[in-house]
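Student: I'd like a close look at one sheet and the places around it. Could you take me through it step by step?

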Amino acid sequence: MKVAIFGQYYQNDTRPIIRDIFVFFNANNVEMVIEEKFLKILYEQEIVKKEYKTFNSYKCLDASFDVLVSIGGDGTMLRAATYVRDSGVPIIGVNAGRLGFLAKVQKENIETFLQLVLEKKYTISKRTLLSLQCSPENDQINELNFAMNEITVSRKDTTSMITIETSLNDEYLNSYWADGLIISTPTGSTGYSLSCGGPILTPYVKGLVITPIAPHNLNARPLVIPDDTEIKLKVSGREEQYLVSLDSRIATLNNNSILTIRKTPFQINMIEIPEETFLKTLRNKLLWGEDKRN
């Protein structure tokens, strides 16, 4: 087996997790290829000493890889997806963060779950992504123009709200007066959209969520739409610029530029272990059923 490893180093929390992963894979003769910057940190912290092959671009990941292991939280998983792109390499996340909906493998169960991965006793959960096109074109967006969680527009350098003129399949929907607007995938429905009052979608729902951020019109509610809908946004406001974010990547755009959002032609393959399903994660992370009456 050949695995790619990508991660983030959180001082004391991550050290034993990283060691457990490396010990397990070395003991099972698994070939490891480590993300270049991550490996440099591991050498500096003297967590590993052995020499490993590295990767530093999505161009390095091909069909020869069986899996990419992400070490960190959900943010690390989202960054890992930018390396995988349309290669089809499945991703599994080892949770070294806090509230993890994507990074499901907990540090107490690393060896057990990695053994299941080794034996390929898992299922694949295909996750929808969103792509973004901007008119006029913007260099900050062109290189990485997709997101697995959400694409968000929001105000910049002002306390004044912005107006987001929104159309679906070229039919006018609404002009949202708000701090911003979130276009979320089912995967991202448990993230920023949820904190702004949006609904939770299970990963297999073929839909997207439009969620306003602090809307001035209180009757502007989150809206679920089919995932084959083309969404166009035009932002205006008192300031000349606004922000657009694709997961954790942020760009500054000029007012009245046109954003076109569509589902990407490819999906990200997420590894799902039988003991850590989406519904079990929901119950655990959101404390559903944590009531004395149950």
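**The sheet and its surroundings**

Tutor: Let's begin with the strands: six of them make an open sheet in the order β8-β7-β18-β15-β10-β11, and their pairing is antiparallel. Before we go on, please keep in mind that this is a predicted model, in which local features need pLDDT of at least 70 and side-chain atom pairs count only at pLDDT 80 or more, while totals for chains, interfaces and linings use all residues. Residues are numbered from 1 along each chain as its sequence is written, and side-chain values use heavy atoms, leaving out hydrogens and water.

At the edges of the sheet you will find β8 (146-147) and β11 (171-178), each pairing on one side only. Strands here are DSSP runs of E with at least two residues, helices are runs of H or I with at least four, and both are numbered from the N terminus. Two strands pair if DSSP finds at least two bridges between them. Now look further in, where strand β7 (residues 130-135) and strand β18 (residues 258-263) run antiparallel and are joined by six bridges. You can find one place on this seam by looking at L130, which stands opposite K263 in β18.

The edge strand β8 also leads us to the aromatic rings. The whole structure holds five aromatic pairs (Phe, Tyr or Trp rings, the last by its six-membered ring, with centres within 6.5 Å; planes under 30 degrees apart are stacked, over 60 edge-to-face, the rest tilted). One of the pairs is F55 with Y83, edge-to-face at 5.4 Å centre to centre and with 85 degrees between the planes. F55 belongs to strand β3 (residues 53-55) and Y83 to helix α3 (residues 74-84), so this pair links distant parts of the chain, 28 residues apart. F55 counts as buried because its relative accessibility is 1%, and Y83, with a relative accessible area of 15%, is buried too (buried is under 20%, exposed over 50% and partly exposed in between, using a 1.4 Å probe and protein chains only).

Back at the sheet, F146 and F266 form another edge-to-face pair, at 5.8 Å centre to centre with 80 degrees between the planes. F146 lies in β8, whereas F266 is in the loop between β18 and β19 (268-272), so the pair ties together parts 120 residues apart in sequence. Both F146 and F266 are buried. F146 has a charged partner as well: R249 lies over its face, 5.8 Å from the ring centre. Elsewhere, the charged end of K2 sits over the ring of F65, 4.3 Å from its centre (NZ of Lys or CZ of Arg must be within 6 Å of the ring centre and within 35 degrees of the ring normal). There is also a cluster, in which ring pairs link F6, F55 and Y83.

We met β19 just after that loop, and it takes us to the empty space. The structure has two cavities of 30 Å³ or more (sets of points on a 1 Å grid over the protein atoms alone where a 1.4 Å probe fits but cannot get out; lining residues have an atom within 4 Å of a point). The largest cavity holds about 70 Å³ of space (the space filled by probe spheres on points joined across faces, edges and corners). Its lining includes I92, L102, R127, M270 and I271. Two or more lining residues come from each of β5 (91-95), β6 (123-127) and β19, and β19 gives the most, with three residues.

Technical notes. 1 Å grid on protein atoms, 1.4 Å probe; cavity = no way out; pocket = protein on both sides within 12 Å on 5 of 7 lines; lining within 4 Å.
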